[in-house]
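Student: Could we slow down and take a close look at just one part of this model? I'd like to see how one piece fits in with what surrounds it.

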Amino acid sequence: MKKITPKFWLQRQIRWSLCLTLAGMLISCGYSDLPTEPTSLNSRYTEQQPALSGNGRFLALVSNRNGSHQLLLYDLQQQQFTNTPGLNRPETIVESPSLSYTGRYISYITSDQGRPVVALYDRTTQQSQILTPIYRGWVRNPSISPDGRYVVFESASRGQWDIEVLDRGPDVELDIDNGAVISDQ
């Protein structure tokens with residue numbers, strides 16, 4: 001007959017209590033409890049690099065929600081996130097968002113074959129395009145003009161950080177409020 005000493009019995013009870021407590025915590029913090037869609041502006045995850053549209057309606061930010069690094073667009077008037085299909089790709093980092101006047105265009109940094117590039121997302125066409133596919137150096141900090149025609153960014157193609165201005169051309173559809181008049185004076 002094996003005799004259980006009080007000290008051994010107490011250690012066994014403590015060990016089981018710790019195991020059950022940890023198991024309960026892991027189950028309660030499971031991935032399935034996390035929201036699959038953004039629900040409010042602030043969350044328990046990292047939210048950074050905010051950018052406001054010129055008219056003050058939209059806020060772009062980089063978030064770590066749902067376990068992925070993504071660029072989100074929040075409508076401050078409707079107080080909800082706006083769907084942006086085609087903007088976030090799996091396994092891709094997005095950074096430094098900038099918005100045009102009404103938030104139609106979003107310029108940002110993403111990666112293409114392991115190097116940073118400046119990209120532009122058009123909310124009307126729901127398409128992203130890379131604006132700097134031929135730049136040899138690194139790029140960072142893009143900013144789009146209110147009308148969406150120009151994108152400025154920093155480039156290290158000459159071995160130092162320089163400012164580059166990219167003109168998307170006179171035929172680009174400008175981001176202006178309905179009824180606004182644009183004059184070249």
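Student: In which sense do strand E1 and E2 pair, and over how many bridges? Please walk me through E2 from there.

Tutor: Sure! Keep in mind that this is a predicted model. Strand E1, residues 47-52, pairs with E2 in the antiparallel sense, and there are four bridges between them. To spot one partnership, find leucine 52: its bridge partner in E2 is leucine 59. The two strands make a hairpin with five residues between them. In that turn, glycine 56 has a positive phi of about 80°.

Now look at E2's pairing with strand E3, residues 70-75. This pairing is antiparallel too, with six bridges. Here leucine 61 stands opposite leucine 72 in E3. E2 and E3 also form a hairpin, with six residues between the strands. Asparagine 66 takes a positive phi in this hairpin, near 55°.

So what about the side chains of E2 itself? In a regular strand, side chains alternate between the two faces of the sheet. On one side of E2 you'll find Phe58, Ala60 and Val62, and on the other Leu59, Leu61 and Ser63. Every one of these is buried, so both faces are covered. Buried here means under 20% relative accessible area. Because six of the six residues in E2 (58-63) are buried, the strand is largely enclosed by the rest of the structure.

For contrast, try isoleucine 163, which sits in strand E11 (residues 162-167). Its relative accessibility is 64%, so isoleucine 163 counts as exposed. Together with Tyr150 and Val165, Ile163 makes a nonpolar surface patch of about 310 Å².

Conventions. Residues numbered from 1 in each chain as written. Predicted model: local features only at pLDDT ≥ 70, side-chain atom pairs only at ≥ 80, totals over all residues. Heavy atoms only, no water. Buried < 20%, exposed > 50% of the residue type's maximum accessible area, 1.4 Å probe, protein only. Pairing = 2+ DSSP bridges. Patch = residues over 30% accessible without salt bridge, like charges linked within 9 Å, V, L, I, M, F, W, Y side chains within 5 Å. Areas by Shrake-Rupley, 256 points an atom, 1.4 Å probe, with all protein chains shown as cover. Salt bridge = Lys/Arg side-chain N within 4 Å of Asp/Glu carboxyl O.
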